[in-house]
Amino acid sequence: MTELLTGIVYDPVFLKHDQTGHPETAKRLESIITGLKEKDLFEKVVKIESRQAVTDEITLCHSKDYVGYVKEYCENGGGFLDPDTYSNKYSYSAAATAVGSSVDLTKAVIKKELKNGFALLRPPGHHALSNRSMGFCLFGNIAIAAKVALTQPGINKVAIVDFDVHHGNGTQVLVGDDPNVLFISTHQYPYYPGTGSISEMGRGDAEGTIVNIPLPAGVGDDGFQKVYEYVIIPSLEKFSPDLILVSAGYDAHWDDPLASLNLSLTGYNWISRELIKTAKRVCDGRIVFFLEGGYNLQVLSNGVANTIRGLLGIDLFEDPLGKSHQLEPVVKNLINELIKIYNL
Ligand SMILES: [Zn+2]
């Protein structure tokens, strides 16, 4: 039996979606690719052939009117789609390529053509709503991939874990009513976009399939470790998904310019490896990471490289920035409340 490989999504069109002075810049992805090449990781992963999603794929999560509007708006040169979200004439192509290629990567992992994967895409997706752009996001890449995954043989349940510092409000809305999708988010709270309280648990049949873990500013490696050990990993084991997708944002790092959680690269590495190990236990190793935020370029390039090493099964990781020196707030009460609510 040939050994399965780790796949990535990457396309130069992602760099053409760019705006000078904006934190969600093409330099983010350039620094990731440069880092992978410098660390001799780029040649160890399979680059899947990229393609633009067709409208019918994007409309699994977005209205036809919205998709048409974004396409036309960008083709006419673009502009601000919401106060935070820019676009230019390449943005529709970039966003549609992000969707199409990450869907193909996910399918390849499901079909066991690849061991696992990381979609190195831009623009990110976890804030996008069904009929509007939000928070640097045009289309809900991970939500669409989850919907497509559920149409594939052998995939009856999908879990999405979101460790970006911001609540994945878009993903929560786009998959929240589906009882076959578990959505778990850790995020700084209260903070942008304002959603993600513990009481948002899913409605009707889907009640209990949303697990929000709102963290006060300052939580770092210790708090995250406890949250994963006592809430996230038990939730994944209980739900027993056939596939795990991860919204991978590296903006919960202590040196990120946009937010105030205090993970280190060592903490991020631990989280990624726990998720990879959990996937091995519950779903035959099927796991795909999707790039979301992260605005310190050194953190981003090292964080993604460490995650890709984890996917490849390489023990080494690097943390040139070290740990935060701030004391962490205690999250014991929050964990106890979550254990009680979700019966863990
Ligand atoms: Zn973010």
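Here is a short chat about one helix and some ring contacts in this predicted model.

Reader: Which residues of helix 11 are buried, and how do they sit around the axis?

Author: Helix 11 runs over residues 332-342, and its buried residues are L334, I335, L338 and Y342. In an α-helix, residues three or four places apart point the same way, because there are 3.6 residues a turn. The four fall on the same side of helix 11, since they cover an arc of only 100 degrees.

Reader: What's exposed on the other side of helix 11?

Author: We've just seen that L334, I335, L338 and Y342 are the buried ones. Over on the other side of the helix, the exposed residues are K332, N333 and K340.

Reader: And what covers the buried residues of helix 11?

Author: Those buried residues are L334, I335, L338 and Y342. What covers them includes strand 8 (210-215) and helix 8 (221-239).

Reader: How are the rings of F163 and Y250 arranged, stacked or edge-to-face?

Author: Both F163 and Y250 are buried. Their ring centres are 5.9 Å apart, with 75 degrees between the planes. An angle over 60 degrees counts as edge-to-face, so the F163 and Y250 pair is edge-to-face.

Reader: Which parts does the pair of Y228 and W270 tie together?

Author: Y228 and W270 are another edge-to-face pair, at 6.2 Å centre to centre and 85 degrees between the planes. Y228 counts as buried at 0% relative accessibility, while W270 is partly exposed at 23%. The pair ties together parts 42 residues apart in sequence, because Y228 lies in helix 8 and W270 in helix 9.

How values were computed:
Residues numbered from 1 in each chain as written. Predicted model: local features only at pLDDT ≥ 70, side-chain atom pairs only at ≥ 80, totals over all residues. Heavy atoms only, no water. Buried < 20%, exposed > 50% of the residue type's maximum accessible area, 1.4 Å probe, protein only. Helix = DSSP H or I, 4+ residues; strand = E, 2+ residues; numbered from the N terminus. Arc of directions from axis to C-beta. Contact = heavy atoms within 4.5 Å. Phe/Tyr/Trp six-rings, centres within 6.5 Å; stacked < 30°, edge-to-face > 60°.
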